[in-house]
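Here are a few exercises to work through with the model open beside you. Try each task on your own before you read its solution.

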Amino acid sequence: MTIEIETERLVLRPMAAEDVENHIVMMQDPAVAASLTPDQKPRSRAEEWRAAASILGHWQIRGYGWFSVFEKKTGNWAGRVGPWYPEGWPGLECGWAVKSEHWGKGYAPEAAIATIRWTFDQFPDLPRIVSVIDPENSNSQAVAEKVGETKSGEIFEYWSFKLDVWAADRAAWLDRFGG
Ligand SMILES: CC(C)(COP(=O)(O)OP(=O)(O)OC[C@H]1O[C@@H](n2cnc3c(N)ncnc32)[C@H](O)[C@@H]1OP(=O)(O)O)[C@@H](O)C(=O)NCCC(=O)NCCS
């Protein structure tokens, strides 16, 4: 069965092979790479191809993963948002990244709220959802606040970074955003 999530302005579908080029292009943008690569610089196309393969592989292994985000009005690929839980992660995360030409339109929170709802629905026993965020990434912290997450006080060490674990508890989140 095809999974498709619709919001007011966006359509979300599981990231697929035909989205890999769009993902590589987004990750080659220095503004996006600054928050998502080990040295905060764009990685090579070859490295990003392998990273995209792990995103598609996450869907195979877990049965869920990042969704490609498409603008309804243009049909264009705008980013990727959704659940992410690789081995060693501090919890089932909702992650987000949007092409920089679309920053500030509220696409990340709109898509994230829809995917958090989808994730809680898929996993009735999931007590909370997290997002791991660099303390200097104010854009991402703004998204976390808009989607009902607060800083848990936990720190997750990844690459050379000490990342804050933001979290939303299931019951409180569903009370606020609806089931
Ligand atoms: C973080 C990110 C996903 C936010 O996506 P978005 O769709 O722009 O989300 P919003 O529109 O809600 O904007 C979030 C904040 O970004 C900032 N922002 C908005 N427009 C901006 C712009 N044109 N340029 C820079 N920052 C901008 C604002 O602080 C905004 O918060 P505010 O609305 O409370 O003022 C996006 O900036 C991104 O992809 N960044 C690179 C990848 C990344 O950091 N991912 C998260 C890793 S934890």
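**Exercise 1: the pocket lining**

Which strand gives the most to the lining of the largest pocket? Work on the predicted model shown here, and then describe the pocket by volume and by residue class.

Solution.
- Step 1. Strand β5, residues 93-98, gives the most to this lining, with six residues.
- Step 2. The volume of the largest pocket is about 1100 Å³. Of the 48 residues that line the largest pocket, Ser35, Leu36, Trp96, Ala97 and Asn137 are the closest to its centre.
- Step 3. Sorting the lining by class gives 27 nonpolar, 13 polar and eight charged residues.

**Exercise 2: the overall fold**

Write down the order of helices and strands along the chain, then check the radius of gyration against that of a compact globule.

Solution.
- Step 1. The chain holds six helices and eight strands. Their order along the sequence is β-β-α-α-α-β-β-β-α-β-α-β-β-α.
- Step 2. A compact globule of 179 residues would have a radius of gyration near 16 Å, and the chain has 15 Å, so the two agree.
- Step 3. For the extents, the C-alpha trace spans about 40 × 40 × 35 Å along its principal axes.
- Step 4. Buried residues account for 49% of the 179 residues. If you take the contacts between residues at least 6 apart in sequence, 61% of them join residues at least 24 apart.
- Step 5. On the outside, the chain exposes about 9100 Å², with 51% supplied by carbon and sulfur atoms.

**Exercise 3: positive phi in two loops**

Where do Gln40 and Trp159 lie, and what are their phi values?

Solution.
- Step 1. Recall the background: most residues other than glycine have a negative phi.
- Step 2. Gln40 sits in the loop that links α2 (30-33) and α3 (45-62), and its phi is near 65°, a positive value.
- Step 3. Trp159 belongs to the loop between β7 (150-158) and β8; its phi is also positive, near 50°.
- Step 4. Partly exposed covers the range between 20% and 50% relative accessible area. Gln40, at 41%, therefore counts as partly exposed, and so does Trp159 at 43%.

**Exercise 4: one residue of β8**

Buried, partly exposed or exposed: how does Asp169 count, and which residues does Asp169 touch?

Solution.
- Step 1. Asp169 is part of strand β8, residues 161-169.
- Step 2. Its relative accessibility is 48%, so Asp169 counts as partly exposed.
- Step 3. Leaving out residues up to four places away in sequence, Asp169 touches Phe120, Pro127 and Arg128.
- Step 4. Asp134 is 35 residues from Asp169 along the chain, and their C-alpha atoms are separated by 20 Å.

Terms used. Residues numbered from 1 in each chain as written. Predicted model: local features only at pLDDT ≥ 70, side-chain atom pairs only at ≥ 80, totals over all residues. Heavy atoms only, no water. 1 Å grid on protein atoms, 1.4 Å probe; cavity = no way out; pocket = protein on both sides within 12 Å on 5 of 7 lines; lining within 4 Å. Points joined across faces, edges and corners; volume = space filled by probe spheres on them. Helix = DSSP H or I, 4+ residues; strand = E, 2+ residues; numbered from the N terminus. Nonpolar A, V, L, I, M, F, W, Y, C, P; charged D, E, K, R; others polar. Rg over C-alpha atoms; globule rule 2.2 N^0.38 Å. Buried < 20%, exposed > 50% of the residue type's maximum accessible area, 1.4 Å probe, protein only. Contact = heavy atoms within 4.5 Å. Areas by Shrake-Rupley, 256 points an atom, 1.4 Å probe, with all protein chains shown as cover.
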